Structures are given as C-alpha cells and as structure tokens.
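Here is a quick tour of some side-chain contacts and one strand pairing. Have the sequence and the model side by side as you read.

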Amino acid sequence: MPLARVRRWSRAQRQFVQIEQPDLIRVYNATMGGVDRADQNINAYRISLRTKKWWWPYFAHVLELVMQNAWLLFRRTDAHTAEPLDLLAFRRRIVQVYLMRHGAIAMPRRAARLALPAVHRVPDEVRFDGVGHFAGPSQTTKRCALCKKNTKKLCLKCTVGLHNQCFNAFHGIH
C-alpha cells in the first residue's frame, strides 16, 4: 500500500493496459539505476587476485564499494569542480597518497615526475601532512621544487629536491 495505476504493454492483448502497482515497486524502479551504475563502475576496475581464501571476494567487494561511494561523495564537493577526476584517476590519486604517506615506494614514476612540476607531483594530502618529512642528502643533483636552483638535498618522504631554506616553505611550515 498505497497502490497506483500504471500503464504497461500487454503482449496477450497487444495494447497498453492499466494495472495496479504497489508504491514499493515504483520507488525501486525509480532508484534502481544507482545500483546498476555502482555495479558497472566496480566491474570496470575490480580487484582480482587468485586465492583460496573464501573471504577474499567479500573483502575486496567491500573495498570496491567504499571506493565507489567515496568517488560519488567527491563528485559532490568543490574539489571536484576545481580538479575533476574520473573514477580511475580518483582511485590512482588515493593509491598515490597512501603509498607516499605509508609506503616505501617513491611515487609517482620517473616518467610522471618529468611531466609535472614538483608542487603538483606531490599531493597536498602528503605535502602538508606534517609527518615524516625530513631533509636528507641526495645522491644526484636535483632541482629545488620552489626556487628551481640545483641542490644536493631532498625531502626523504616526497623525494623532491629542496634547499634547507625552501624545505619549510614547501611543506607549509612557518
């Protein structure tokens, strides 16, 4: 309840007929596109690993749903209007931030480093997090991310060249 009258095609009568439809069915039909779209997005970039663990598909699906919902929320923010990201770029950005913040892998790869200036290469979430940024010696000469002069020092976490006097300004420390 409540019931509504809707128009549907009848193959037997070969014409449109009026039938009764519960409100629950109407609401489901009106909103089912979101579930279909989420399934489509999840299938596009599904995590797939061969394993004998029975729980892995459930765990991976939860991660996929979290990523999908996070992207939908991101699309409603002002950050999306400033830097629109599709689902793949959004997923890559999250992985990049987590690897730079918690991993030992220097991200992004050399090819990507050459294409972007250091200010844009290091995500703001990592650059301004205030955790684990230490100046250290570089094995090669690098360009300073701020003043663009050559330096033999770098941020050990961000892996960008920085002079001692530019280090605090690059990381937002005053």
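Arg75 has its charged end over the ring of Trp71, 4.6 Å from the ring centre. Another charge of this kind belongs to Arg127, whose end sits over the ring of Phe170, 4.2 Å from its centre. "Over a ring" here means that NZ of Lys or CZ of Arg is within 6 Å of the ring centre and within 35 degrees of the ring normal.

A word on ground rules: this is a predicted model, where local features need pLDDT of at least 70, side-chain atom pairs count only at pLDDT 80 or more, and totals for chains, interfaces and linings use all residues. Residues are numbered from 1 along each chain as its sequence is written, and side-chain values use heavy atoms, with hydrogens and water left out.

On to the salt bridges, each one a side-chain nitrogen of Lys or Arg within 4 Å of a carboxyl oxygen of Asp or Glu. How many does a search of the whole structure find? It turns up 5 salt bridges, and the table lists some of them.

| Acid | Base | Closest N and O atoms |
|---|---|---|
| Glu64 | Arg91 | 2.8 Å |
| Glu83 | Arg93 | 3.5 Å |
| Glu125 | Arg93 | 3.4 Å |

Take the pair of Glu64 and Arg91, which form a salt bridge. It ties together distant parts of the chain, with Glu64 in helix H2 (residues 56-75) and Arg91 in helix H4 (residues 87-102), 27 residues apart. Helices (H or I, at least four residues) and strands (E, at least two) are DSSP runs, numbered from the N terminus. Are these two side chains buried or exposed? Glu64 counts as buried because its relative accessibility is 2%, and Arg91 counts as buried at 15%. The scale is simple: buried is under 20% relative accessible area, exposed is over 50%, and partly exposed lies in between (1.4 Å probe, protein chains only).

Arg93 has a salt bridge with Glu83. That pair also links distant parts of the chain, Arg93 in helix H4 and Glu83 in the loop between helix H3 (78-82) and H4, 10 residues apart. Arg93 is partly exposed at 22%, and Glu83 is partly exposed at 37%. The side chain of Arg93 meets that of Glu125 as well. Here the link runs from Glu125 in helix H7 (residues 124-127) to Arg93 in helix H4, 32 residues apart. Glu125 is partly exposed, with 39% relative accessibility. Shared partners put Glu83, Arg93 and Glu125 into one salt-bridge network.

Now the rings, where the structure holds 6 aromatic pairs. Trp9 and Phe16 have ring centres 5.2 Å apart and planes at 75°, so they make an edge-to-face pair. Phe16 is partly exposed at 47%. Trp55 and Trp56 are edge-to-face too, because their planes sit at 65°, with centres 6.3 Å apart. The cut-offs: rings of Phe, Tyr and Trp (its six-membered ring) pair if their centres lie within 6.5 Å, and planes under 30 degrees apart count as stacked, over 60 as edge-to-face and the rest as tilted. Trp55 is partly exposed at 39%, whereas Trp56 is buried at 18%. Together with Phe59, Trp55 and Trp56 form one aromatic cluster.

Last, the strands. E1 (residues 3-10) and E2 (residues 15-22) run antiparallel and are joined by 8 bridges; two strands pair if DSSP finds at least two bridges between them. Val6 has Ile19 in E2 as its bridge partner. The hairpin of E1 and E2 has 4 residues between the strands, and Arg14 there takes a positive phi near 55°.
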